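Colleague: Could you take one residue in this model and give it a close look, then work outward to the rest of the chain? Please spell out your cut-offs as you go.

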Amino acid sequence: MVGVPASHTGWTFITSHARVLAAIADNPNVRVRDIAARCRLTERAVARIISDLEQDGYLSHTRQGRTNTYSIDPDKVLRHPAEAGLTVASLLSLLVQDESERTGEPAAHL
């Protein structure tokens, strides 16, 4: 069982929402527990972020037995005015590629 990850102090370049979305892009069948461990968040925080992303149409899921399979809308435009016109796919192309290079595992496709 994965415990609560150690907290992080200081600021970071990437938001928790982007990290969770990248983890899902890397593995659409990933468990909340595994996302939490990868992103160094609590399971409750990950569940809240997934809810936010679903509520705004960036993410949806289907339930297959005890497993959720997530689907990302790659054409959805990012929310902040400074990123006007940039899509989720453009963001994830950077984050998922970086993760695959870091871990040596191939990145999943949207």
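Let's take Arg-79: is it buried, partly exposed or exposed, and what is its relative accessible area?

Modeller: Arg-79 is exposed, because its relative accessible area of 64% is over the 50% cut-off. (Buried is under 20% and partly exposed is in between, with a 1.4 Å probe and protein chains only.) Before going on, a word on the ground rules: this is a predicted model, so local features need pLDDT of at least 70 and side-chain atom pairs count only at pLDDT 80 or more, while totals for chains, interfaces and linings use all residues. Residues are numbered from 1 along each chain as its sequence is written, and side-chain values use heavy atoms, with hydrogens and water left out.

Back to Arg-79, which sits in the loop between β2 and α4. (Helices are DSSP runs of H or I with at least four residues, strands are runs of E with at least two, and both are numbered from the N terminus.) If you skip its neighbours within four places in sequence, Arg-79 is in contact (heavy atoms within 4.5 Å) with Asp-56 and Tyr-58. With Asp-56, it makes a salt bridge, and the closest N and O atoms are 2.4 Å apart. (A salt bridge here is a side-chain nitrogen of Lys or Arg within 4 Å of a carboxyl oxygen of Asp or Glu.) This pair joins distant parts of the chain: Asp-56 is in the loop between α3 and β1 (59–64), and Arg-79 is in the loop between β2 (67–72) and α4, 23 residues away. C-alpha to C-alpha, Arg-79 and Asp-56 are 9.6 Å apart in space. As for cover, Asp-56 is partly exposed, at a relative accessible area of 32%.

The count comes to 4 salt bridges by that rule, and two others, including one between α1 and α2, are worth a visit. Arg-38 and Asp-26 bring their side chains together at 3.2 Å, N to O. That pair also links distant parts of the chain, with Arg-38 in helix α2 (residues 32–39) and Asp-26 in helix α1, 12 residues apart. Asp-26 counts as buried at 19% relative accessibility, whereas Arg-38 is partly exposed at 33%. The side chains of Arg-33 and Glu-43 meet as well, at 3.6 Å, N to O. Arg-33 is in helix α2 and Glu-43 in helix α3, so this pair ties together parts 10 residues apart in sequence. Both ends are partly exposed: Arg-33 has 30% relative accessibility, and Glu-43 has 35%.

Asp-26 brings us to α1. This helix is largely enclosed by the rest of the structure, because 8 of its 11 residues are buried. Those residues are Ala-18, Val-20, Leu-21, Ala-22, Ala-23, Ile-24, Ala-25 and Asp-26. Take Ala-18, which is in helix α1 and buried at a relative accessible area of 10%. Beyond its neighbours within four places, Ala-18 is in contact with Leu-91 and Leu-95. Its C-alpha atom is also 8.2 Å from that of Leu-92, although the two are 74 residues apart along the chain.

Ala-18 turns up again at the largest pocket, which has a volume of about 490 Å³. Of the 16 residues that line this pocket, the closest to its centre are Thr-15, His-17, Ala-18, Leu-78 and Leu-91. The elements that give two or more residues to the lining are α1 (16–26), α3 (43–55) and α4 (88–103), and α1 gives the most, with 3. By class, the lining has 9 nonpolar, 3 polar and 4 charged residues. (Ala, Val, Leu, Ile, Met, Phe, Trp, Tyr, Cys and Pro count as nonpolar, Asp, Glu, Lys and Arg as charged, and the others, Gly among them, as polar.) For the grid details, a pocket is an open set of points on a 1 Å grid over the protein atoms alone where a 1.4 Å probe fits, with protein on both sides within 12 Å along at least five of seven lines, and lining residues have an atom within 4 Å of a point. Points are joined across faces, edges and corners, and the volume is the space filled by probe spheres set on them.

Now the whole chain. The protein has 4 helices and 2 strands, in the order α-α-α-β-β-α. Of its 110 residues, 28% count as buried. Among contacts with a separation of 6 or more, 44% come from residues 24 or more positions apart. The accessible surface is about 7,400 Å², with 52% of it on carbon and sulfur atoms (Shrake-Rupley, 1.4 Å probe).
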